[in-house]
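Me: I want to learn how to read a model feature by feature. Where do we begin?

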Amino acid sequence: MPEIHSLLLEKRVFKPDAAFAKQANWGPKKVAELRRLAARSPERFWEKMAREHVSWFKPWRRALDWKPPFAKWFVGAHTNVSYNCLDRHVTGENAWRRNKAAIVWEGEPGDSRVLTYGDLHREVQKFANVLEAKGIKKGDRVAIYMPMIPEIAIAMLACTRIGAPHTVVFGGFSADSLRDRILDVGAKLVVTADGGFRRGKPIALKAAVDEALTGAPGVASVVVVRRTGEPVSMREGRDAWWHDLMAEAPASCPPAKLDSEHPLFVLYTSGSTGKPKGILHTTGGYLTHITATTHAIFDLKEDDTFWCTADVGWVTGHSYVVYGPLANGATTVMYEGAPNEPGPDRFWSIIAKYGVSVFYTAPTAIRTFIRWGDEHPNRHDLSSLRLLGSVGEPINPEAWIWYHRVIGKKRCPIVDTWWQTETGGILVSPLPGAVAAKPGSCTLPFPGIEPEVLDAEGRAVKAPQGGFLTLRKPWPGMLRGIWGDPARYKEQYWSRYEKVYFTGDGAHFDKDGYLWVMGRVDDVMNVSGHRIGTMEVESALVSHPAVAEAAVVGRPDDLTGTAIVAFVTPKTGAHANANLREALRGHVAREIGALARPAEVRFTDALPKTRSGKIMRRLLRDVASGRETVQDTTTLEDLSVLARLHAPDEA
Ligand code: WT7
C-alpha cells in the first residue's frame with residue numbers, strides 16, 4: 001500500500017461558515033436527521049430521496065432487490081429522465097421555469113447561446129422525433145460523438161425520452177476508439193458534428209466518424225450538427241444534417257414511461273486489460289442518486305448558476321453538467337473550448353461574465369491555474385462564487401488551499417467529491433453546510449453510503465491504517481454491469497472479496513472517520529483525472545510496425561497528476577531514434593486519443609519480467625520516476641535488465 005503518513009501531517013480544518021450553514025439546503029440539523037435515518041436503513045433513506053427529488057409515473061413495489069452483485073432499485077416503478085429534466089419544469093407548479101435559463105453555453109470563439117427550459121423541452125422533443133423517424137426504438141443504442149455544444153445535451157435527453165440508451169464518446173478519442181465503442185454497444189445511429197473549436201482551431205469530428213464507420217456496418221444513420229462550417233463529406237442515404245431534420249420534425253413527443261431499471265446509458269472506461277469496459281447505468285436509481293447529491297452537495301438554489309467544467313464525454317459531464325443540474329431545474333453552464341483560449345484567464349472571464357456561483361473542476365486544472373499565475377483570476381470579478389468543488393483525483397492540500405484563497409477568497413466552502421464512472425454519482429464528499437473540510441480528504445460518506453477499508457484478507461483495518469476502498473451495500477446510482485459481459489463485471493468488481501464491491505482505490509480513514517483516498521492500486525493510471533489502462537496504451541504501441549514489446553507506467557507529474565512513460569523494445573532492424581519516439585507518441589494519440597499520448601518514450605532491449613513472463617510494472621515505476629529500486633526483485637528473471645533500464649538510453 002502507498003505510504004500514508006505524509007497525508008496525516010495535514011491538520012488544517014475548515015468548519016462551515018455559520019451564515020452558509022444557515023442557508024444550506026442541508027444544514028447541520030437536517031444532515032444529522034438524515035444520517036440517523038440512513039444508519040437505520042439506507043433503503044428508507046433512498047426512498048425518501050426518490051420521493052422528494054424525482055417524479056414517477058408509477059410507484060415502486062420494493063425499494064431494492066439485491067442479489068449480489070446484481071441490484072435493482074425502485075422495483076416496478078416507471079419514470080423518465082427527460083421528463084424529470086424538462087417537463088416538470090415547464091408544467092404544473094414550476095411552470096414559471098419555462099423561461100428560466102437551463103443551459104448557458106459559450107463557444108470557444110466567444111459566441112454564446114442561452115436555452116431556456118422551454119427551449120430545451122421543445123428541441124428535445126423534436127430531436128426525439130428525429131430519432132424515431134430514423135427508426136430508433138426503445139432499447140436501440142445511439143452513439144454520440146460531439147463537441148461541447150448544447151446539441152450534445154439535446155441528443156442525450158432525446159435518447160432518454162424514447163428509452164434509447166446512449167453512449168457518449170469523448171470527442172478527443174480517435175476513430176479507432178470510437179469504432180470499438182460503437183461495435184461493442186451495437187449502436188444503430190451516430191450523432192456528431194462537423195467539428196468543434198479547440199485552441200483557436202476547428203477540430204474535425206465527422207471525418208473520424210466516417211473512418212470509424214468503415215468497420216461498423218450496423219450504423220444506418222449519422223446526424224451531423226453544423227458547428228465549424230468546415231467542409232465534410234456526407235454519404236447519401238446515411239448522413240443528414242441536424243438542422244434539416246429538425247426543420248421537419250414534429251414538435252411534440254411524449255416521454256416514454258420506462259421501467260426504473262431500463263438502461264439509460266453505457267459509458268466506456270479503462271480497465272486493466274486492453275478492452276474498455278462499457279459501464280451500464282439504468283434509469284430510476286441513477287436519477288435519484290444524482291438529483292439528490294446535486295441538491296445536497298452543490299447546494300443549488302433557484303438563482304444559482306452552476307458550472308461543472310467537465311466534458312460531457314466523461315461521467316462527470318453526464319451526472320453534473322447535464323442530468324443532475326437539469327433534474328433540479330438549475331441553470332447549467334457549458335463551455336466548448338480550452339481554458340487558455342484566447343488567454344489563461346478564460347475560465348475566470350466566464351465566471352465573471354455569467355455570474356457563476358457554484359464552480360466544479362478538477363485538481364489537474366487547479367494545478368495548471370496555479371502555474372499560470374494568480375494575476376489571471378485576480379484580474380476578474382469572482383465575487384459571484386459561493387461554493388467550489390473538486391473531482392477526479394486526490395487534491396493536494398496545497399492546491400486545495402490555493403483554490404480556497406485565490407478563487408474562493410476564503411469565503412467559499414470546497415466540496416472534494418470522491419466517486420467513479422461506476423458509482424454514477426458522488427459517494428463521499430463534504431455536505432457544505434454541515435461537514436468541516438480537511439484539505440486533501442473527501443471527508444465523510446453521503447448518507448446511505450458505507451465505505452469500508454479492508455486489508456488483503458478482507459478484514460476492516462483500523463484507522464489510520466491504509467487498505468482497499470470497498471462498498472458492501474448497493475446504492476441507487478451504482479453500475480448495473482459491464483455491457484454484454486456479466487462475467488467480466490463479476491471478475492472486475494466482485495471477485496477480490498465475496499459480495500463486496502472493489503473500487504480499485506487505496507484509502508484510509510483518520511481518527512475522525514474522514515476518508516483519505518490515495519489513488520488507484522491496480523495498473524490503471526489517472527491522467528488529468530481520467531483513467532487510462534496500461535494495457536490499452538501498450539496494445540496501441542505494439543500495433544506500430546517498429547515495436548516488438550512495450551510496457552507503460554505512470555510517474556508522478558505536477559500538472560497532470562500522472563504522466564505516462566512508455567518502455568519500448570523495438571523490433572530488430574528498427575531505428576530507435578528521436579523520430580521513432582515522436583512517431584510512437586503520435587501513434588498512441590491517433591489510436592486512443594491525445595490524452596493517452598506518452599509524455600516520454602524510452603527504448604530498451606528488454607523489459608523486467610517475472611519468471612512466468614509477467615512484466616513487472618512496479619519496477620518500471622521506480623525507473624520512470626528516477627527512484628532507486630528498493631523493492632523486492634527476487635522474482636525478476638534477469639537482474640541485469642534493471643541496471644540497464646536505469647542507465648539513460650542513447651537515442
Ligand atoms: C477514479 C475514478 C468520478 C469522476 C471523475 C473520474 C479518482 C475521483 C476523486 C477524489 C480522490 C478521486 C479515484 C477513482 N478520484 N475523484 N475526489 N479524490 N480520488 O472518474 O475516470 O471513473 O475515475 O478517480 O481513483 O477511483 P473515473
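**Reading the ligand site and the backbone**

Reply: Begin with a polar contact to the ligand. A polar side-chain atom of Asp-505 sits 2.8 Å from an oxygen atom of the ligand. Keep in mind that this is a predicted model.

Me: How much of the ligand's accessible area does the protein cover?

Reply: The ligand on its own has 560 Å² of accessible area, and the protein covers 96% of that.

Me: Which elements give two or more residues to the shell around the ligand?

Reply: They are α12 (315-327) and β25 (515-520).

Me: How many residues surround the ligand, and which are the closest?

Reply: The count is 18. The closest are Asp-416, Thr-417, Thr-421, Asp-505 and Arg-531. By class, the shell splits into six nonpolar, seven polar and five charged residues.

Me: Where does the backbone meet the ligand?

Reply: Look for N or O atoms of the main chain. A backbone N or O atom of Thr-417 is 2.7 Å from a nitrogen atom of the ligand. Gly-392 places a polar backbone atom 3.1 Å from a ligand nitrogen atom.

Me: Next, the peptide bonds. Which ones are cis?

Reply: Check omega, then locate the residue. The bond from Pro-68 to Pro-69 is cis, with omega near 0°. Pro-69 lies in the loop between β1 (62-67) and β2 (70-75). Another cis peptide bond joins Ala-463 and Pro-464, where omega is about 0°. Pro-464 belongs to the loop between β21 (451-454) and β22 (466-471).

Me: And phi? Which residues have a positive value without being glycine?

Reply: Read the angle, then the setting. Thr-443 is not a glycine, yet its phi is positive, about 70°. Thr-443 is in the loop between β20 (414-416) and β21. Lys-499 is also a non-glycine residue with positive phi, about 55°. Its place is the loop between α17 (486-494) and β24 (501-509).

Me: Is Thr-443 buried or exposed?

Reply: Buried. Its relative accessibility is 0%, and the cut-off for buried is under 20%.

Me: Now the cysteines. What is the general idea of a disulfide?

Reply: It is a covalent bond between the sulfur atoms of two cysteines. The test used here is a pair of cysteine sulfur atoms within 2.5 Å. This structure holds zero disulfides.

Me: Why does Cys-412 have no bond to the closest cysteine sulfur?

Reply: Distance. The closest cysteine sulfur belongs to Cys-308 and is 17 Å from that of Cys-412, so it is too far for a bond. Cys-412 is buried, at 2% relative accessible area.

Me: What about the sulfur of Cys-442?

Reply: Its closest cysteine sulfur is in Cys-308, 17 Å away, which is too far for a bond. Cys-442 counts as buried, with 3% relative accessibility.

Me: One last exercise. How do I describe the surroundings of a single residue?

Reply: Give its element, its accessibility, its polar contacts and its neighbours. Take Thr-503, in strand β24. At 3% relative accessibility, Thr-503 counts as buried.

Me: What lies 2.7 Å from a polar atom of the Thr-503 side chain?

Reply: The backbone oxygen of Leu-469.

Me: Which residues does Thr-503 touch, leaving out those up to four places away in sequence?

Reply: Thr-503 touches Trp-418, Gln-420, Leu-469, Thr-470, Leu-471 and Arg-520. Leu-469 thus appears among the contacts and also supplies the backbone oxygen 2.7 Å from the Thr-503 side chain.

Technical notes
Residues numbered from 1 in each chain as written. Predicted model: local features only at pLDDT ≥ 70, side-chain atom pairs only at ≥ 80, totals over all residues. Heavy atoms only, no water. Near = heavy atom within 4 Å. Polar contact = N/O pair within 3.5 Å; in protein donor to acceptor, adjacent residues only side chain to side chain. Areas by Shrake-Rupley, 256 points an atom, 1.4 Å probe, with all protein chains shown as cover. Helix = DSSP H or I, 4+ residues; strand = E, 2+ residues; numbered from the N terminus. Nonpolar A, V, L, I, M, F, W, Y, C, P; charged D, E, K, R; others polar. Buried < 20%, exposed > 50% of the residue type's maximum accessible area, 1.4 Å probe, protein only. Contact = heavy atoms within 4.5 Å.
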